[in-house]
Amino acid sequence: MQYQHGGDIYTQEIHMDYSANLNPLGLPDGVRKVLASCIHTDVCSVYPDSRCGKLREALGRLHEVPKDWIICGNGAADLVFGLAHGCMPRRGLVTAPAFSEYEQAMRTCGCSVDYLFLEEKEGFSLNVEALLQRIIGAAGEGRPYDMVFLCNPNNPTGIPVPTGEIRRVAEVCLQSGTRLIMDECFCDFLDEPEACSAIPFLGEYPNLFVLKAFTKLYSMAGLRLGYGLCSDGNLLERLREVRQPWSVSGLAQKAGEAALKDLDFVRRTREVVGTEREWMRGELEKLGFTVYGSRANYVFFKAFQGEGDTGPDSPSGRDMQTPPKGWLYHRLLEHKVLIRSCSNYPGLNPSFYRVCVKTREENRRLMEYMGKAVKEENGAKRNGLE
């Protein structure tokens, strides 16, 4: 099976990975210290708390919600699959492009999944009116959606939806008997995350479930720690019934507790990400690329069409059934630089890419490789015309 996500540094030699959207500041120092200390205690030698009691208490204080509204998992993806198997939806709706696990999880339960395509002419912003009409229309047909997934800000586009609009969607879903799953894993990278979060009105909408993770913000992808928030106690109990009891390791729980104490780390992260994202936007535009309005810790853009945008997946040739990843992906891979081709997202083609935001030194190096790739591709096109 072909790798479907960013971060594939295991099947190829990579010197710079710009395909995975992790915090450019890396793991917080407090987390490193706690993890090191765990080697000298019994954390690794006893079963972890299956209810993640202390971590849920800390998360409850952070989000100002009862700890009983919180469930922890082995990353947000673990909870996505848990939701599907706990609810067993028959009909679901996802936006496209978006994180593929939403659709995959629902299909494992025999659920039919519809797409609401985000339009390039609208800058890939969510058309809330179109979404509401789809949900209302499905209910009117007597075939309401059981589950709707929204990522805010969206992955891979990075474009957020304001809280007021999300509340409208939650209300329509409530009236239609639809479960609304809001993925806010990238929300904390926004300059004003509270302006786009649905957490403040969780109590008003028991049909609303919010996904969060330590993966991106705290660069804890290898530790696997995510959590969900919902005021529907019955749903949370069903999730516990369909998931294995020790899904969150003791190390991950200790790391999560330590991470939540470092509030300055989050502030510094937003400053670095905001500054570097806008710098990268300008540099990509200088190369002739179309850059869209991401407000997250990654940049979504469209490159001009090249020789690598058609035909087999690589110059050496691959199975023609495999979607091509585009000339820029392959040119950079020759320099051992990995970016995220968006060719396997429904609604996108090999011209679209996503790159994460790192530090200025790293970003300068990436742009140097980007410049080389553009020159190489332009040279190949000229030679092809001669």
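Start at the second largest pocket of this predicted model. By class, its lining holds 15 nonpolar, two polar and six charged residues. The lining comprises 23 residues in total. Select Leu62, His63, Asp188, Ile199 and Lys212, which lie nearest the centre of this pocket. The volume here is about 480 Å³.

Now colour the elements around the second largest pocket. Helix 2, strand 7 (208-213) and helix 9 each supply at least two residues of its lining.

**Next stop: helix 8**

Keep helix 2 and helix 9 on screen and select residues 250-260, which form helix 8. Is helix 8 mostly covered or mostly uncovered? Mostly covered: nine of its eleven residues are buried. Show Gly250, Ala252, Gln253 and Ala255 as sticks; these are buried. Add Gly256, Glu257, Ala258, Ala259 and Leu260, which are buried as well.

What covers the buried residues of helix 8? The cover includes helix 2 (53-63) and helix 9 (263-286). Helix 1 (29-38) is also among the covering elements. Helix 2 and helix 9 thus appear at two stops: in the lining of the second largest pocket and in the cover of helix 8.

**Across to the largest pocket**

Move to the largest pocket, with a volume of about 740 Å³. Of its 31 lining residues, Gly6, Thr215, Lys216, Ala221 and Arg224 are the closest to the centre. Select those five and centre the view on them.

Then bring in helix 3 (76-87) and helix 4 (101-107), the elements that give two or more residues to this lining. Which of the elements gives the most to the lining of the largest pocket? Helix 3 does, with three residues. By class, the lining of the largest pocket divides into 16 nonpolar, eight polar and seven charged residues.

**Last stop: a helix pair**

Select residues 128-140 for helix 5 and residues 163-176 for helix 6. Their axes come within 10 Å and cross at roughly 5 degrees. Angles under 35 degrees count as roughly parallel, and therefore helix 5 and helix 6 are roughly parallel to each other.

Now show the side chains of the contact. From helix 5, pick Val128, Glu129, Leu131, Leu132, Ile135, Ile136 and Ala139. From helix 6, pick Glu165, Arg168, Val169, Val172, Cys173 and Ser176. How do the residues of this contact divide by class? Nine are nonpolar, one is polar and three are charged.

For a reading of the helix 5 pattern, recall the geometry. An α-helix has 3.6 residues a turn, so residues three or four places apart point the same way.

Notes: Residues are numbered from 1 along each chain as its sequence is written. This is a predicted model: local features need pLDDT of at least 70, side-chain atom pairs count only at pLDDT 80 or more; totals for chains, interfaces and linings use all residues. Side-chain values use heavy atoms; hydrogens and water are left out. Buried means under 20% relative accessible area, exposed over 50%, partly exposed in between (1.4 Å probe, protein chains only). Helices (H or I, at least four residues) and strands (E, at least two) are DSSP runs, numbered from the N terminus. Contact means heavy atoms within 4.5 Å. On a 1 Å grid over the protein atoms alone, a cavity is a set of points where a 1.4 Å probe fits but cannot get out, and a pocket is an open set with protein on both sides within 12 Å along at least five of seven lines; lining residues have an atom within 4 Å of a point. Grid points are joined across faces, edges and corners, and a volume is the space filled by probe spheres set on the points. Ala, Val, Leu, Ile, Met, Phe, Trp, Tyr, Cys and Pro count as nonpolar, Asp, Glu, Lys and Arg as charged, and the others, Gly among them, as polar. Axes are lines fitted to C-alpha atoms, for helices over the stretch in contact, and angles run from 0 to 180 degrees between N-to-C directions. Angles under 35 degrees count as roughly parallel, over 145 as roughly antiparallel, 65 to 115 as roughly perpendicular and the rest as oblique.
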